[in-house]
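Reader: I am new to this structure and would like a close look at a single part of it, namely its charged side chains. Please go slowly and explain each term as it comes up.

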Amino acid sequence: MDEETAANHDLVGPVIRSGNLAEAVIDAVEEDNPDCDVLVLDRDDYVRIHTLGTCRLTRASLEKALGEPFPLASLEIDMPAFRGRMKTRTDEYIWFYDHAEQEQ
């Protein structure tokens, strides 16, 4: 799926600066969303990581991918943007698309 096609779908998820953390987030999102296709758009300086409708990222899967402890709040330093709405907890981030916003 190219970026133009993606823009016309209810894709949600983080935008992460390129590097080891972005690779770990990709792996973690794939693990935390086993029934979803994960769209990764690499833009050299940053990576868009999206799924359709809802995207879940847990601290446990991210720490597993990184091989070290990592508080999710630290992700925000390398996450200049995201698509959709975001719900945060200490052990889980969820991005989702809110259709009610379009109806208002």
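Reader: To begin with one residue, in which helix is Glu-23 found?

Author: Glu-23 is found in helix 2, where helices (H or I, at least four residues) and strands (E, at least two) are DSSP runs numbered from the N terminus. Please keep in mind that this is a predicted model, in which local features need pLDDT of at least 70 and side-chain atom pairs count only at pLDDT 80 or more, while totals for chains, interfaces and linings use all residues. Residues are numbered from 1 along each chain as its sequence is written, and side-chain values use heavy atoms, with hydrogens and water left out.

With a relative accessibility of 46%, Glu-23 counts as partly exposed, because that term covers what lies between buried, under 20% relative accessible area, and exposed, over 50% (1.4 Å probe, protein chains only). Glu-23 joins Asp-27, Glu-30, Asp-42, Asp-44 and Asp-45 in forming a negative surface patch, and helix 2, which spans residues 20–32, gives the largest share of this patch, 3 residues. A patch is made of residues with over 30% relative accessible area and no salt bridge, like charges being joined within 9 Å and nonpolar side chains (Val, Leu, Ile, Met, Phe, Trp, Tyr) within 5 Å. Asp and Glu count as negative here, and Lys and Arg as positive, whereas His and the chain ends are not counted.

Side chains of opposite charge can pair when their charged atoms come close. A salt bridge is a side-chain nitrogen of Lys or Arg within 4 Å of a carboxyl oxygen of Asp or Glu, and by this rule the count comes to 4 salt bridges. One of them is between Arg-56 and Glu-92, at 2.4 Å from N to O; since Arg-56 lies in strand 4 (residues 54–58) and Glu-92 in strand 7 (residues 92–96), the pair ties together parts that are 36 residues apart in sequence. Arg-56 is partly exposed, with a relative accessible area of 34%, whereas Glu-92, at 11%, counts as buried. Glu-92 also forms a salt bridge with Arg-89, the closest N and O atoms being 3.1 Å apart, and Arg-89 is partly exposed at 45%. Through salt bridges that share partners, Arg-56, Arg-89 and Glu-92 are joined into one network.

Another salt bridge has Glu-63 and Arg-59 meeting at 3.9 Å, N to O, and both residues lie in helix 3 (residues 59–66), 4 residues apart, about one turn of the helix. Glu-63 is partly exposed, with a relative accessible area of 24%, and Arg-59 counts as partly exposed at 32%.

Definitions and conventions
Accessible areas come from the Shrake-Rupley method with a 1.4 Å probe; for residues, only the protein chains shown count as cover. The place of a charge is taken as NZ of Lys, CZ of Arg, CG of Asp or CD of Glu.
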